[in-house]
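Okay, thanks for coming, everyone. I'll walk you through one metal site and then one loop residue.

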Amino acid sequence: MRKIFTTAAVVGLTALGLGAPATAAQAAETGAQATVCNSKWPGRNGNVYAWDAFDCQGNPLGVTAGNDPDWNSAGGGFANAWDKASSVMNAGYTGGNDIVQFWYIQQYQTGYTCLSPYEYFADDLSDNTFSSGQNVNNNIRAHKWVSSCNVWLT
Ligand SMILES: [Ca+2]
Ligand SMILES: [Ca+2]
Ligand SMILES: [Ca+2]
């Protein structure tokens, strides 16, 4: 949902008289999606967030600056949270291990997909797949911070 934040930036530039007509038109196409995720952006605070609902609605399943190899067991930031997440957010500090890698099976097995800190959040995981092919929605069981990846959430 990087476009939403691009939109906000464009609006800001336009207000300052710096906006270009082409980017303003592009921004208009993005519409009003992901409004709850936008409203919940905390600023960079080092944490990853996940929600059972789409668009970051309701209370988060977990919030942590660390890794969690098992979202069902206690500890690591997530518990009783297997196969539930439908939206996620990366508010990590940029630089180093700033990418969140989400896994299909606990203990970092089978397949993964990643959320860049520059994407901010993914408000709908139903249109994303793991490296192993499964749909990401309601299928995440673990996460860890990494410095590179090749499958991305949008
Ligand atoms: Ca869900
Ligand atoms: Ca856990
Ligand atoms: Ca998505």
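**The calcium site**

So, the calcium ion (ligand 2) sits in an irregular site, with angles of 50 to 157 degrees among its six donor atoms. Irregular here is whatever is left over: four donors are tetrahedral if all angles lie between 85 and 135 degrees, while four are square planar and six octahedral if opposite donors are over 155 degrees apart and all others between 65 and 115. For reference, ideal angles are 90 or 180 degrees for six octahedral donors.

A word on the source: this is a predicted model, where local features need pLDDT of at least 70, side-chain atom pairs count only at pLDDT 80 or more, and totals for chains, interfaces and linings use all residues. Residues are numbered from 1 along each chain as its sequence is written, chains are lettered from A and ligands numbered from 1 in the order written, and side-chain values use heavy atoms, without hydrogens and water.

Who holds the calcium ion (ligand 2)? Asp 68 gives two OD atoms, and Asp 70, Ser 73, Gly 75 and Phe 78 each give a backbone O, at 2.3 to 2.7 Å. Donors are N, O and S atoms within 2.8 Å of the metal, or 3.2 Å for Na, K and Ca; water isn't among the atoms, so sites may look incomplete. Asp 68 is buried at 2% relative accessible area, and Asp 70 is buried at 14% (buried is under 20%, exposed over 50%, partly exposed in between, with a 1.4 Å probe and protein chains only).

Now the loop residue: Ser 116 is buried too, at 15%. Ser 116 and Thr 154 are 38 residues apart in sequence and 9.1 Å apart in space, C-alpha to C-alpha.
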